[in-house]
4 protein chains.
Amino acid sequence: MNFAHSDNATSLIARMQSFMQEHVIPAEQTYAAQLRGGADWTQWQQPPVMEELKAKARAAGLWNLFLPEDGARLSNVDYAPLAEITGRSMIAPEVFNCNAPDTGNMEVLVKYGSEEQKQRWLKPLMAGEIRSAFCMTEPEVASSDATNMQASAILEGDEVVLNGRKWWSSGIGHPNCKVLIFMGLSDTSADKHQQHSMILVPLDTPGVKIERMLPVFHTLDEPYGHGEVSFTNVRLPLSSIIGGLGRGFEIAQGRLGPGRIHHCMRAIGAAEFALELLCKRAIQRVAFGKPLAKLGGNADIIANARMAIEQARLLTLKAAWMMDTVGVKGAMSEISQIKVIAPNVATQVIDAAMQMHGGAGLSDDFPLTALYAYARVLRIADGPDEVHRGLIAKLELKRQAKRLGISN
Amino acid sequence: MNFAHSDNATSLIARMQSFMQEHVIPAEQTYAAQLRGGADWTQWQQPPVMEELKAKARAAGLWNLFLPEDGARLSNVDYAPLAEITGRSMIAPEVFNCNAPDTGNMEVLVKYGSEEQKQRWLKPLMAGEIRSAFCMTEPEVASSDATNMQASAILEGDEVVLNGRKWWSSGIGHPNCKVLIFMGLSDTSADKHQQHSMILVPLDTPGVKIERMLPVFHTLDEPYGHGEVSFTNVRLPLSSIIGGLGRGFEIAQGRLGPGRIHHCMRAIGAAEFALELLCKRAIQRVAFGKPLAKLGGNADIIANARMAIEQARLLTLKAAWMMDTVGVKGAMSEISQIKVIAPNVATQVIDAAMQMHGGAGLSDDFPLTALYAYARVLRIADGPDEVHRGLIAKLELKRQAKRLGISN
Amino acid sequence: MNFAHSDNATSLIARMQSFMQEHVIPAEQTYAAQLRGGADWTQWQQPPVMEELKAKARAAGLWNLFLPEDGARLSNVDYAPLAEITGRSMIAPEVFNCNAPDTGNMEVLVKYGSEEQKQRWLKPLMAGEIRSAFCMTEPEVASSDATNMQASAILEGDEVVLNGRKWWSSGIGHPNCKVLIFMGLSDTSADKHQQHSMILVPLDTPGVKIERMLPVFHTLDEPYGHGEVSFTNVRLPLSSIIGGLGRGFEIAQGRLGPGRIHHCMRAIGAAEFALELLCKRAIQRVAFGKPLAKLGGNADIIANARMAIEQARLLTLKAAWMMDTVGVKGAMSEISQIKVIAPNVATQVIDAAMQMHGGAGLSDDFPLTALYAYARVLRIADGPDEVHRGLIAKLELKRQAKRLGISN
Amino acid sequence: MNFAHSDNATSLIARMQSFMQEHVIPAEQTYAAQLRGGADWTQWQQPPVMEELKAKARAAGLWNLFLPEDGARLSNVDYAPLAEITGRSMIAPEVFNCNAPDTGNMEVLVKYGSEEQKQRWLKPLMAGEIRSAFCMTEPEVASSDATNMQASAILEGDEVVLNGRKWWSSGIGHPNCKVLIFMGLSDTSADKHQQHSMILVPLDTPGVKIERMLPVFHTLDEPYGHGEVSFTNVRLPLSSIIGGLGRGFEIAQGRLGPGRIHHCMRAIGAAEFALELLCKRAIQRVAFGKPLAKLGGNADIIANARMAIEQARLLTLKAAWMMDTVGVKGAMSEISQIKVIAPNVATQVIDAAMQMHGGAGLSDDFPLTALYAYARVLRIADGPDEVHRGLIAKLELKRQAKRLGISN
């Protein structure tokens, strides 16, 4: 066993931390100031400072690090600590071209895309010239159960026709968002896991309409946004289908593994950052003649946060290592475990940090409510806690039954 | 022991519930639609439907019920269930002229106000013609420790001169807000509890400046708002002082008891409402072939919420009853207990309800994030959990030491 | 609403507290010393001091107070605080002839017993001359589901024949235990709730064999004991049947309501006592130059314990009041709620008290492990937490569905 | 990063698991049967089967594996998984000569013992011929604060004279226990960390008296026992002092690091074993027509246990790895973290397993209460949770202050 990062990871960690300190953190206020656009989301703009940051990150070789195949050739366990660093700033992931859902979409195209698809969409995505969205979740049904899906992607001659309504399509409001991946039912008579297809849809295709942007705790996460999107007889050539009709479920499964590691590491980064803010406030703020850190149970809050973060990080790193060594399937329980743990640890630590800051912690004077919203969403996105707990238990019972030689 | 409400309370509960169903709940969407004003908070407007609702409530005799002396002559334990009902809608408290901080300010004026002050401010407040704010908390210091206060209210000839900066002055953005109560230091050489004064300040007094509105989880709670307010050489006649110089601390203590009961009961109402939404969703939403209510640990979540609410409500009612029978001082531990319990129960139940709703629960399609923000603020406002826990423990240890005849 | 105890309850509380201080607590060590009998449980003896205490309690009018009909005619809400007081000492319930399972058995006989049964068993039980046991739970099946029961009580001519194996028959090891109530299946073809019967079985009936005493956390609770008992062709006259064949389930349901109140109030008494010990230790023990009460999060532990106890007590009292006013059926949810809450609060507070005592808290130098074992058993006995939570949720969903006019 | 065990550890894990299955687990009942000695602890006997098991373990090369220097030369991170395996059986540690406090005592002798001390005591301890005890904790003072210690070890001519009272001297009741290490004050005028000495005391030295054995949850843990021991003018030659007068504190610090890893890994082993029993019961026991595993929130309980164990194990392994790579001092926070986490996880998982077993889980039919007592003691032994949390927070605040360049 060796808990030290590889030399490559260690070096990248140092470089990325420097870059964050030198470029990203100082640019946050400029970004916020430049962001303010017009009265509604159709007027959102890409803050110019972001493009400057992207150029710098690319020049510094801190670009597309998430992508094993065509990027830095990093393993998941080597990339994980880098994802953690980006969790400290809401703008960092885009700076390094490592933000969801683009990362997952690029992975899909690398693995399943045709040459034409790669040329048209993967190339500009990897260059950070365009952004993308992913349309899976639907408003009318419990999307934690994928078999509930109602949207359709039906073959008609040499076209595939999309209909349905999706929501929580994150990033779709970004001015650079040019394409989305749509998931829909193609053949309800096929085997349960071969009914769905994934289709590449240019955002300006007739029939695609962004109905509104959904707020999360009253914030729209501009300029990314979480869209509700209707698809009405959207017609596309067959070359838009990713990997072939009926392979949607298979692609979705593979897409989620690394994405969950990324989200969890960012959540851990957010928690670590919140703990830093918490400690700083606890040291500097005085009440009843003492710094808050010395009052009542505040030391316990700090200790509990430290313990929770350490444990969550180690398990996430182990899940990443298992993905590298035994694959997504072999790491299924661990991936579900971190998917429950990391967002819960993050919400708890961030909530504790808000409390330590008093009213200020709930305002925009600190980034805590934004971090909280991000972490809270993760308890639902990519499968709610409840579904993951159910899966963990199922796998555990199966394993135990096998070990005991009893039927489950 | 008798856990039944008095006949009077029972009748008022029924009348208020009817009024809520018939008038308030149906008006919520109209209110929201009318609310949209201009680009910033200086252009907030009172939605006309609110004035209509207020007129109806007054006509129905559901007006100023919180005020023992001049209102309905209800005891705290009789008023408590009515406050709970208003917790179900963010607009309900104003409808019944029972919203903070006006309730506390009116109580202060009833008890400590001069005849002139009553005529000028109490009368229109009780008529719902104007609103008010309360300026105590300061941005630069931990206001959980009242002795940290830095703002000043200094006697200069026949004037009192106010300086300092306050924040979390809730309701100050309301177009009808015309007056605020300012708390500041008048004499730092006096006994610890006789240094502060409370001053009535017309909002348009020169030197009073609302610097900005503070968001809570990204919402400004318009048209009420939580203001940051600067006071620069604000000069007022001595007749603006409430109860006399140096009585600020005494007034503040008395002001908080009933207010905490009101807040806690509203939080319990919010929790009860969230549990209703949770159950409705759990019954109607289907995943994996079953309603959510029958999946995994969801039944436990419902049972735990029910138990938490029942217990919190009973303790809050008991605290109200103790205020009626032995006074604020005798109910000190119980009041601190409910101040910890009710907001925590509410945040937990509302959070569970958000989770049961999936992504929708975090959006504005349901009132859950608004309720959450309200309940979360309460874990800080009027003393953070930590300070109240400390007080509960102190009183407990004192009591136990006395019982055991040992020194504490 | 009135949270004050009735005059009668108030007076009895004072008398019982005095009696505890004057007689019961001082006798605990004598009792323990006298208890030591021979090498195994068949040689357990009734400590003579217990008979002295019983005589004194009876003389003081503090006898059979649990029994509404023929005892003190106390309502459940009036008896509850008395049960709480007895929770402070493991020997107190017997002193006042108020210990389980005798209380439940006496209630059954009062309500369902024939005149002959009352003369033979109820009279000496009420006089404290004999003790009794209750045989329901079985080792081979999950007894949380009553329909799992396997033991039989079959009519054969003018006899009823009992077969089966029971365990957790508490009190059966007591030297004074002379009779038990056996529950078994009489007719598996009958309606689900009319299959069982209850039979009075003298302990010396041929075929009744106490196989062993079950330890709980390594203690046998001598001289009461928790027995595993086999019944092999135990033949009894039909006059042994309580209330008639097939009424077992009905009797069991009615038996449990008051018993749960008693258990919960005793658990609350145990928690209150543990908090007293905790505070005493926290005040008197010094580490790092301060009393433990002033270190780290210990004040929070005390505050949390106080809040949990207050809430649990109020809900238990309300459940008792509901039993008095709307009956067991109307109080079903509340009874299940306290059955979950009180033992959980008690185990948590007692565990915290153990921790505050360091190693001593786990030894026999303090009564904490004995109290813990009692409270921990209650999380399983009379229905495990899980079953009660399930019932609470079921009732809640039913109520909400009805309110909403939707089907559940 | 590499989460795989080294080849050596992997091989030893396999061999030890086989040995456990083949020899230790099957011998547990024999051991229990042979254990029963006379009426009190002075008559406890070593069950003959234990000596047979020890001989087999030694022959199999599974002996003294804990001892880096003279044993298997295993690193802490390699030994940790072996310690976990021994946590599954209360008798396993002795079988492999890896049980506390002997392991710690042997480490002390290896590092600080004179040649004479090694010959006389270390040699037979490593051979498993004798056992030992460690006398540090005192009944009269809070021993979580080492500076509270009152026992003395005073130089008088060519002798050192011991006085004082110790308790929780585990293993002192074992028939093979021949020596103890006593810690006492030698010079209260010296620097705070140079006042204490450690002395080797043959158990039969005049003035050493075992006053009683302390029960833990009513069990004496025979034949080991937890003794309360008085020392009255115990005179020993200066050659009995370990490492020199005044070095007691230094030795104690070094002694605790590895011991805490061992305890934590055994606690994790106990938790893992409890989860196996829990799952087995959940699969096989039926209620309401389904296996318990499919009822209510039981799947969540299993998932939560799995997540807690995984995380605790990883952090404990990391702490072990840090001890190997940066030493005890560099691993201080991590060691305190696992000392809080592992016993808490273990008590929670074992408690959940007890609950899943119903009444049986609290009896001796399953090993759960014994495991629980072991894990519960660990929340106090070697520093209570509270002290470790305090230390974690202190180190965290120091680190954060340094990072921020602010004073703490």
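Axes are lines fitted to C-alpha atoms, for helices over the stretch in contact, and angles run from 0 to 180 degrees between N-to-C directions. The model shown is predicted: local features need pLDDT of at least 70 and side-chain atom pairs count only at pLDDT 80 or more, while totals for chains, interfaces and linings use all residues. Residues are numbered from 1 along each chain as its sequence is written, and chains are lettered from A and ligands numbered from 1 in the order in which they are written.

**View 1. Helix 12 of chain B packs against helix 7 of chain C.** Helix 12 spans residues 385-404 of chain B, and helix 7 spans residues 248-284 of chain C; helices (H or I, at least four residues) and strands (E, at least two) are DSSP runs, numbered from the N terminus. The two axes are 10 Å apart and make an angle of about 90°. Helix 12 of chain B and helix 7 of chain C are therefore roughly perpendicular (under 35 degrees counts as roughly parallel, over 145 as roughly antiparallel, 65 to 115 as roughly perpendicular and the rest as oblique). Helix 12 of chain B contributes B:Glu396, B:Leu397, B:Gln400, B:Ala401 and B:Leu404 to the contact, and helix 7 of chain C contributes C:Glu276, C:Cys279, C:Lys280 and C:Ile283. Two residues are in contact if their C-beta atoms, placed from the backbone, lie within 7 Å. Five of the residues in this helix contact are nonpolar, one is polar and three are charged (Ala, Val, Leu, Ile, Met, Phe, Trp, Tyr, Cys and Pro count as nonpolar, Asp, Glu, Lys and Arg as charged, and the others, Gly among them, as polar).

**View 2. Chain A meets chain D.** In this interface, 40 residues of chain A are in contact with 40 residues of chain D. On the side of chain A, two or more residues come from each of helix 7 (248-284), helix 8 (298-325), helix 10 (332-356) and helix 12 (385-404). Helix 8 of chain A gives the most, with 13 residues. This side of chain A comprises 23 nonpolar, nine polar and eight charged residues. Chain A is superposed on chain D by a rotation of 180° with 0.0 Å of shift along its axis, at an RMSD of 0.0 Å; copies are superposed by least squares on the C-alpha atoms of residues with pLDDT of at least 70 in both. The same surface serves both copies, as 100% of the contact residues of chain A recur in chain D.

**View 3. Chain B meets chain D.** Four residues of chain B are in contact with four residues of chain D. On the side of chain B, one of these residues is nonpolar, two are polar and one is charged. A turn of 180° and a shift of 0.0 Å along the axis lay chain B on chain D with an RMSD of 0.0 Å. The two copies are thus related as by a two-fold rotation axis. In chain B, the C-alpha nearest this axis belongs to B:Gly297, 1.9 Å from it.

**View 4. Strands 2 and 3 of chain D form a hairpin.** Strand 2 (residues 152-156) and strand 3 (residues 159-170) of chain D pair in the antiparallel sense over five bridges; two strands pair if DSSP finds at least two bridges between them. D:Ala153 stands opposite D:Leu162 in strand 3. Two residues lie between the strands, and D:Gly157 in the turn has a positive phi of about 60°.
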